[in-house]
Amino acid sequence: MAVYTHVSREELEDFLTRYDLPPLVAHHGIEAGVENSNYFLDTEDGRYVLTLFEKRVAEEDLPYFLGLTEHLRQKGMNVPAPIHLKDGDMIGQLCGRPAAIVTFLQGVSEKSANLAQARAAGTLLAQFHLSTDGFEPERANDLGPADWALMVKGLGDGLNKIELGLFGNLRAEAEHLMASWPSQLPRGQIHADFFPDNVMFDGDSPAGVIDFYFACTDFFAYDLAIAMNAFTAEDAPSPDLGMALMQGYETVRPLSREEKEALPLFWRGSALRFALTRAHDFIHQVPGSLVQVKDPKPWLALLGAHRQSPGFFSA
Ligand SMILES: Nc1ncnc2c1ncn2[C@@H]1O[C@H](COP(=O)(O)OP(=O)(O)OP(=O)(O)O)[C@@H](O)[C@H]1O
Ligand SMILES: N[C@@H](CCO)C(=O)O
């Protein structure tokens, strides 16, 4: 359960006086996620989601995340609606943390998807990219290639406790990726964490997208690479799922030749990015938090597979 910050009923009721929401019935921590503290708020007129932003989210980025979410809703995407406080703001303070409330989206958040869901999720990601058009603010990707070598350095010898020789191995990989990364490809606002558990499914159809708290301005094809890796499934890795996602994506937004050529590098880069954040959380576990730390090893294995075979997804 991802609850780093424990919120009492009294603290919550006091916080809710700043909103025009129906009376609270109950609140409980959400049994999923690793990044932020999330609670369901059950009110007399339906359910909402409260998020308290934790270590990886900078408060100054919240207007970008919530503004992007509102923009996507205006474009017709099924994403949560941020609830405004009585003073018009979208960000409050609770238990010493920045906090926001959004509407609850119906659907099932899957740990891993099937082929039909992966294909449909690809169309949704492409619609997401097209719908971000017209949203002017930008946010640099602070978990991108320019940051990976520093992240490896910061984890240091802790990496070798996950796997012997991992520190040197990942340092060389981060340097290689940085030196080879392209600079000119179609770019815009990307989700940057498009995992099956951030897509709400209604059977095989995706009903909506949640969790915009890694969104940033970067290459669309890099976002596709993240999603392809994230949908390959950790327990039984299958390139078919990533390929199905890409096929779905291209029915809405076909890739240029340059974007296709960049994909093998982007698969490696995104595998490294999630291996690193997971390795960080594995090495620096937070005492007293209720969180199921995610395993870095499947992402290290995926990185190894992409390094060995640049055609992993087309093999
Ligand atoms: N608006 C929403 N509507 C319905 N369910 C939601 C909503 N927001 C979050 N959830 C549920 O809470 C879970 C955790 O939320 P979220 O993915 O935002 O957490 P997180 O800590 O950012 O996790 P991670 O980054 O690991 O995906 C989701 O998998 C989903 O089941
Ligand atoms: N979705 C990510 C967590 C957010 O970085 C993971 O599964 O590692």
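**Exercise 1. Helix 8**

Determine how the span of helix 8 in this predicted model relates to the expected span, and state which of its residues are buried.

*Solution.* Step 1: helix 8 covers residues 239-252, which makes 14 residues. Step 2: the expected span is 1.5 Å times one less than the number of residues, and for helix 8 this gives 20 Å. Step 3: from its first C-alpha to its last, the helix reaches 21 Å, close to that expectation. Step 4: a residue is buried if 20 or more other C-beta atoms lie within 10 Å of its own; L241, G242, M243, A244, L245, M246, G248 and Y249 are buried in helix 8. Step 5: the cover over these buried residues includes helix 3 (115-131) and helix 7 (220-230).

**Exercise 2. The two domains**

Describe how the chain is divided and how domain 1 and domain 2 are in contact.

*Solution.* Step 1: the division gives domain 1 (9-103) and domain 2 (115-308). Step 2: their centres, taken over C-alpha atoms, are separated by 25 Å. Step 3: contact involves 19 residues of domain 1 and 20 residues of domain 2. Step 4: on the side of domain 1 that touches domain 2, helix 2 (residues 62-74) gives the most, with seven residues. Step 5: by class, that side of domain 1 has ten nonpolar, six polar and three charged residues.

**Exercise 3. The ligand shells**

Establish where ligand 1 lies with respect to the domains, and give the classes of the residues around ligand 1 and ligand 2.

*Solution.* Step 1: there are 21 residues around ligand 1, of which G33, E35, P80, S109 and D211 come nearest. Step 2: the shell of ligand 1 consists of twelve nonpolar, five polar and four charged residues. Step 3: because domain 1 (9-103) and domain 2 (115-308) both give residues to this shell, ligand 1 lies between them. Step 4: around ligand 2 are V34, E35, D193, F195, F274, T277, R278 and K294. Step 5: by class, the shell of ligand 2 has three nonpolar, one polar and four charged residues.

**Exercise 4. Residue E31**

Locate E31 and decide whether it is buried or exposed.

*Solution.* Step 1: E31 is placed in the loop between strand 1 (24-29) and strand 2 (37-43). Step 2: E31 has 12 C-beta neighbours inside 10 Å and therefore counts as exposed. Step 3: D14 is 17 residues from E31 in sequence, and their C-alpha atoms are 24 Å apart in space.

Notes
Residues numbered from 1 in each chain as written. Chains lettered and ligands numbered in written order. Predicted model: local features only at pLDDT ≥ 70, side-chain atom pairs only at ≥ 80, totals over all residues. Near = placed C-beta within 6 Å. Nonpolar A, V, L, I, M, F, W, Y, C, P; charged D, E, K, R; others polar. Domains from an automatic or database assignment. Helix = DSSP H or I, 4+ residues; strand = E, 2+ residues; numbered from the N terminus. Contact = placed C-beta atoms within 7 Å.
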